Structures are given as structure tokens and as C-alpha cells.
Amino acid sequence: MIKKTVLSGVQPTGDLHLGNYLGAIKNFAIMQNENDCLFCIVDLHAITVFQDPNQLRNNTYEVTAAYLACGIDPIKSIIFNQSQVSGHAELAWILNCICRMGWLNRMTQFKEKSGKNSENVSSGLFTYPTLMAADILLYKATHVPVGSDQKQHLELTRDIAQKFNNDYKSPDFFPLPEPYIEKEISRVMSLRDGTSKMSKSDISDYSRINLKDNKDTIVKKIKKSKTADMPMPSSQEKVTQMPEVNNLINIFTGVTSFSKQDLITKYEGQNFSNFKNDLSDALVEKIAPIGDEINKLMKDKSYLDQIMREGTEKARNKSELVLKEVYDIVGFIKA
Ligand code: AMP
Ligand code: TRP
């Protein structure tokens, strides 16, 4: 059987939260045991919106530390910083020439991020998805673990791969990558509003659990989280109609081995105080050690530098082989 190649990335743009963990990073650590894995810190993506340089540096170390703290093993997986492998930017240019304006115009994330201000955002924000396609195709990755907000970008990546293969009459050159999205926890919602996504940019810190939150903060945030005015219902169907409760149950399943039905059966008919206590305990057990480990690793920048340096070297070697093939297919002369 052919080994799969897995690639994913996280932007170094602020504190990582439970949505990043459950939607993406938790799966990275699981997938590394069976597959060839590359996990990058996508700093080129981060600067599509202005980043203070010192903050960007710090956040890049922090995502590296979070990868390690969440169980990514630098012996099994390649951890690297996107800007240090120049092939990402080089392939992105070529893919910009494949990708159609109409395709980019349909991207909902761009519409959300640019809002009413679309004339005044960077052109990098508009072409962001072609850089993401380059990240994936530069290693001929076949599987991409992400939260569901990235599904459309993955579909675009497949369209770009297919058009490249067709235009250059190179059938099967780029594989068409599959998203790996775990249904229930692929979109973790805000603790304050079950209809909006948990996000780094929400102004309320009470809307999310950060991976660096300590025990007391986690307990406080769950205590304050929104539930419902009626007791826990008896069926999944009814829970689905209560977005905040549904979200907390999904989170609970993500940090324990309980199924959704197990939890509904256990707390059916009760108000939410026991449920919240038990959920806090489970979160503290899972998340607090990750925060402690991130803080510890952040004190040893030279170790984090070494991890990135070694990863970059490996990623560069892999990427150069594919980029060379691409240049050749496109008709660039290497004299
Ligand atoms: P970002 O922080 O935007 O670079 O996202 C990194 C990864 O976390 C991506 O795979 C996202 O899809 C995922 N992600 C971000 N927010 C959430 C969320 N609220 N629920 C699930 N996954 C998320
Ligand atoms: N766009 C992704 C996000 O915002 C991050 C990302 C960049 C990515 N390149 C990638 C994810 C390649 C998967 C594969 O979350």
C-alpha cells in the first residue's frame, strides 16, 4: 500500500484555541503514526493581514511549541516554517497563473475577511488560497487535516491541480488531495454564541478556551459558558436545536472517549451544573498540560530554532524534487 502524504498548516496570528486543537492539531498527532507528515507554520499566509514583526516572530515560536506540546513528534513528522522553503512562494506564482479569477471570487473566507472593505485589503488576502494550494501540491500531499472552514480552499486546490494536469497534459502529476475533516468537531463554536465560530479574533476571551489557559481560567470560562434554560433533553435531535449545548457536548466528546449519546443519556433531565463541572475536569486534564508544555518550550528558543531548522532542511529537499518537475513541465529552461 502506498503511504499517504499528509500536510497541514496553522497561521502564527495569535493564541491558539480549542477549535484549532480539536479541528486540526489533535488529528495531526494521530495521523503521523501511519503517514508521511508535514506540518508548517504558515507565516506567509499570516502577513496577508499586517502583522507586527516582533509579534509574528513570537507567534511563530508559539505555534511550533504548540505542535510539539500537542504531541507532534519531530522525528516522525516534518515541522517547518513556510517562509523558509522558497518553493511555496515559487509554486504559488505558477498556480496563480492556473487559478481563475472566478474561482477566487467565490471564496467565502475572503468575503468574510474583507467584508465591506474589499477594495482596501491586500491582494495577498485575495490570492491566499493559491498559496495554500501550493503548500499542499509542493509535496504532492494526498490528505489534509483541517477544520471545516477550510473545505472550500481544499476544493479549490483540487480544481487547480486538475487544471494544471489538464493544461500541461500531465495526467496524474498532482494528486487531488482529500480533506480530512472530523464531522462533529470540525467547527467548534464560541462559548458565548453557539452560532458563531470559536475564533482567535473574537473580542471576548470568554468565547474561547486558549491552549495556554490555566486550570482556573478554563473552569471560569466553562462556568460562564452559555447553555439553555431547560434541562438536558433526551435525544440528539433535540440537542441539535440547542446550539450552545450541542457545541459543549461536541467539545466534551473531543476531549474524552464518550460518544454524544453517552453524554446525553448521562445528563438527561438535569440542569447543566454537573455537566459543566465534569466538562471542566475533562478540559483541564487535556488542555492544561498542553499550556504548561507550551510555556516551558517557549523558554528554550534555541531548541525551537533547531526543530524548525531541521524540519526546513527536510521540507526543502522534498519540495525541490517536485518544483524541478513542475518547472520542466511548464517549460522553464535550466541552462
Ligand atoms: P488558523 O488558526 O486559521 O490558521 O486555523 C488553523 C486550523 O484550525 C485550520 O485547520 C482551521 O480549519 C482550524 N480551526 C480554526 N478555528 C476552528 C474552529 N473554531 N473549529 C474547528 N477548527 C478550527
Ligand atoms: N488556510 C489555513 C487556515 O487558515 C492554513 C493553511 C495554510 C493550511 N496552508 C495550508 C491548511 C495548507 C492546510 C494545508 O486555517
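This tour visits the largest pocket of the structure and the two ligands placed there. The model is predicted.

**Stop 1: the largest pocket**

Begin by displaying the protein surface and locating the largest pocket, which holds about 1,200 Å³ of space. Its lining consists of 45 residues, and those closest to its centre are Gln11, Gln109, Asp149, Gln150 and Lys197. Select these five residues as landmarks for the centre of the pocket.

Next, colour the elements that contribute to the wall. Strand S1 (5–10), helix H1, helix H2 (43–46), helix H6 (108–114) and helix H7 (123–137) each provide at least two lining residues. If the lining is then coloured by residue class, 16 residues appear as nonpolar, 22 as polar and 7 as charged.

**Stop 2: ligand 1**

Now select ligand 1, which sits in the largest pocket. Its surroundings comprise 18 residues, of which Gln11, Asp149, Val188, Met198 and Lys200 come nearest.

Three polar contacts deserve individual inspection. Show the backbone of Gly147 first: one of its N or O atoms lies 2.9 Å from an oxygen atom of ligand 1. Then turn to Met198, where a backbone N or O atom lies 2.9 Å from a nitrogen atom of ligand 1. Finally, display the side chain of Lys200, in which an N or O atom is 2.7 Å from an oxygen atom of ligand 1. How much of the accessible area of ligand 1 does the protein cover? Taken on its own, ligand 1 has 490 Å² of accessible area, and the protein covers 92% of it.

To see where the shell around ligand 1 comes from, select residues 18–31. This segment is helix H1, which gives the most to that shell, with 4 residues. By class, the shell around ligand 1 contains 6 nonpolar, 8 polar and 4 charged residues.

**Stop 3: ligand 2**

Move on to ligand 2, which also sits in the largest pocket. Around ligand 2 there are 13 residues, and the closest are Gln11, Tyr128, Met132, Asp135 and Gln150. Gln11 was met at the previous stop, among the residues nearest to ligand 1.

Display the side chains of Gln11, Tyr128 and Gln150 in turn. A polar atom in the side chain of Gln11 lies 3.2 Å from an oxygen atom of ligand 2. For Tyr128, a side-chain N or O atom is 2.7 Å from a nitrogen atom of ligand 2. In Gln150, a polar side-chain atom lies 3.0 Å from a nitrogen atom of ligand 2. The protein covers 91% of the 370 Å² of accessible area that ligand 2 has on its own.

Which elements give two or more residues to the shell around ligand 2? They are S1 and H7, and H7 supplies the largest share, 4 residues. Colouring this shell by class shows 7 nonpolar, 5 polar and 1 charged.

**Last view**

Finish with Gln11 selected alongside both ligands. Gln11 is among the residues nearest to ligand 1, among the closest to ligand 2, and among the lining residues closest to the centre of the largest pocket.

Conventions. Residues numbered from 1 in each chain as written. Chains lettered and ligands numbered in written order. Predicted model: local features only at pLDDT ≥ 70, side-chain atom pairs only at ≥ 80, totals over all residues. Heavy atoms only, no water. Near = heavy atom within 4 Å. Polar contact = N/O pair within 3.5 Å; in protein donor to acceptor, adjacent residues only side chain to side chain. Areas by Shrake-Rupley, 256 points an atom, 1.4 Å probe, with all protein chains shown as cover. 1 Å grid on protein atoms, 1.4 Å probe; cavity = no way out; pocket = protein on both sides within 12 Å on 5 of 7 lines; lining within 4 Å. Sits in = over half its atoms within 2 Å of the grid points. Nonpolar A, V, L, I, M, F, W, Y, C, P; charged D, E, K, R; others polar. Points joined across faces, edges and corners; volume = space filled by probe spheres on them.
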